[in-house]
Amino acid sequence: MFELEIARRHITSDPKMVLFSVLAVALAIAVIVVMMGINEGYRSDLVVSLVENSPHLTISPKEDEDYITLYRSLSAILGSYPQVEAVSPRMLGKAGAKHRDKVRAASIIGALPEAEDPLLNVQQDMVSGRYLDLTFRKRGAVLGDKLAEELELSMGETFSLYRQNQSITLEVVGLIRTGTGADQSTVYLPLETAQELMDQQDVVSEVAARLNDIDAAPMIASDLNSRFSYRAESWQERNRDVLQIFDTQDVVLIIFYSLIFVIALFGVANTMIMAVTRRTKEIGILMAIGACRQSIINIYLLESMILGPPAALLGSALAYAAAKLIEAYPISLPSEVYMVSHLTVEITSQSFILAVGFALVVNLLAGIYPALKASRLDPVEAIGE
């Protein structure tokens, strides 16, 4: 097949054209693969944060009530579902935390430690102390590490919580770090202590559950809503606005990828057109000795396609190197805004498969116009130039 041999000779005789074509596609591939990896990493981290740092299902008070009185019965009913691993009645509220001259807003979570720990794996996120110590430390508290830092609090020190006309003095028995914005406000208390601060007796704000199958949450919530007048809500429903961001992200990324594709396409096409212009006389000679127009088209299409695999390989290597660089030097993110603490890149095998497909398609499309341009040259005029 003489077309392939001529295409190979063109490539080996013009290293500058090869370099520019390969780099144009390789850089486009690297950008797209890294962006896909960042998007996939953020998506995974955000879902993990939503699933691991909040209940999978919650039951809230009836529409005309502020608290749940029959929480023990509800806990038993919720725990009867086979998908439910842990159930924890919780007292939630806002308060002011004060230590010396420092005052910060606090989000109170009052719970039974032996029930709350399996719900959210609280101890796993502890950086100091033991969460289960709250079982027998009624005037103890576990604080988010950033809140403790802002209040200039250390382990064993005391601080005060204020809510309306109620105030209590507590001792810091532990610090927790979840890597989310909650670390700036969370204060874990024993359930009885939280009820005392809220000036309520034997009631809770919600009953929360952890599931062994997170996708079963909507089904269980729907079943509970059909049986009781309490409000059952799955983690998917509770975070609907956050999850909808992914749909918007996908549209933006498709537009971004399309622009990168077009830029790479024009870059390669421009290089190939310049190559055709420089070889006008050669094309004329080939046509004069019997090469048909289809053969001329095949030569330049083959030349363009041959550059695809090296571009895909180089682009994938650049993307992998960029991912490893980001992994080695993590980029911190404001967790209160993005709900994750750092940027991660999660590159999958599908990303590299896409890189190869991208390179081949770009080079094929970029070679069509130059190939047609070359095949339409008049042999006599081409030789005379």
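# Notebook: cores, a helix and some pairs

I started with the nonpolar cores. The largest one has 50 residues, and those with the most contacts inside it are Ile 59, Leu 78, Ile 108, Leu 143, Phe 159, Leu 161 and Val 187. Strand E2 gives the most to this core, with five residues. A second, separate core of 25 residues includes Ile 32, Ala 264, Leu 307 and Ala 319. My rule for a nonpolar core: buried Ala, Val, Leu, Ile, Met, Phe, Trp, Tyr and Cys residues joined through side-chain atoms within 4.5 Å. Buried is under 20% relative accessible area, exposed is over 50%, and partly exposed is in between (1.4 Å probe, protein chains only).

A note to self on the source: this is a predicted model, where local features need pLDDT of at least 70 and side-chain atom pairs count only at pLDDT 80 or more, while totals for chains, interfaces and linings use all residues. Residues are numbered from 1 along each chain as its sequence is written, and side-chain values use heavy atoms, with hydrogens and water left out.

**The whole chain**

I looked up the overall numbers next. The protein has 15 helices and twelve strands; these are DSSP runs numbered from the N terminus, helices being H or I with at least four residues and strands E with at least two. Of its 385 residues, 46% count as buried. About 19,000 Å² is exposed, and carbon and sulfur atoms supply 59% of that (Shrake-Rupley method, 1.4 Å probe; for residues, only the protein chains shown count as cover). For contacts, meaning heavy atoms within 4.5 Å, I took those with a separation of 6 or more: residues 24 or more positions apart account for 78% of them.

**Helix H3**

Which residues of H3 are buried? In this helix, residues 71–79, they are Tyr 71, Leu 74, Ser 75 and Leu 78. Seen down the axis of H3, they fall within an arc of 105 degrees (taken from the directions from the helix axis to the C-beta atoms), so they line one face of the helix. I jotted down the background: an α-helix has 3.6 residues a turn, so residues three or four places apart point the same way. The face turned away from the buried side of H3 carries the exposed residues Arg 72 and Ala 76.

What covers the buried residues of H3? The cover includes strand E1 (57–60), strand E2 (84–99), helix H6 (191–197), strand E9 (206–211) and helix H7 (217–227). I picked out Leu 78 for a closer look. Leaving aside neighbours within four places in sequence, Leu 78 is in contact with Leu 57, Ile 59, Val 84, Val 87, Val 207, Ala 208, Ala 209, Ile 220 and Leu 224.

**Salt bridges**

I counted a salt bridge wherever a side-chain nitrogen of Lys or Arg is within 4 Å of a carboxyl oxygen of Asp or Glu. The count comes to 14.

Arg 72 turned up again here: its side chain meets that of Asp 202 in a salt bridge (3.0 Å, N to O). Asp 202 lies in the loop between H6 and E9 and Arg 72 in H3, so the pair ties together parts that are 130 residues apart in sequence. Asp 202 is partly exposed at 36%, and Arg 72 is exposed at 51%.

Next came Glu 150 and Arg 104, at 3.2 Å, N to O. Glu 150 sits in helix H5 (residues 145–151) and Arg 104 in strand E3 (residues 102–111), so this bridge joins parts 46 residues apart in sequence.

H5 has another one: Asp 145 bridges to Arg 177, the closest N and O atoms being 2.6 Å apart. Arg 177 is in the loop between strand E7 (166–176) and strand E8 (186–190), so the two tie together parts that are 32 residues apart in sequence. Asp 145 is buried, with a relative accessible area of 14%, whereas Arg 177 counts as partly exposed at 48%. I also noted that salt bridges sharing partners join Arg 90, Glu 116 and Glu 206 into one network.

**Aromatic rings**

How many aromatic pairs are there? I found one, using rings of Phe, Tyr and Trp (its six-membered ring) with centres within 6.5 Å; planes under 30 degrees apart count as stacked, over 60 as edge-to-face and the rest as tilted. The rings of Tyr 131 and Tyr 188 have centres 5.2 Å apart and planes at 65 degrees, so the pair is edge-to-face. Tyr 131 is in the loop between strand E4 (126–129) and strand E5 (140–144) and Tyr 188 in strand E8, 57 residues apart. Both Tyr 131 and Tyr 188 are buried.
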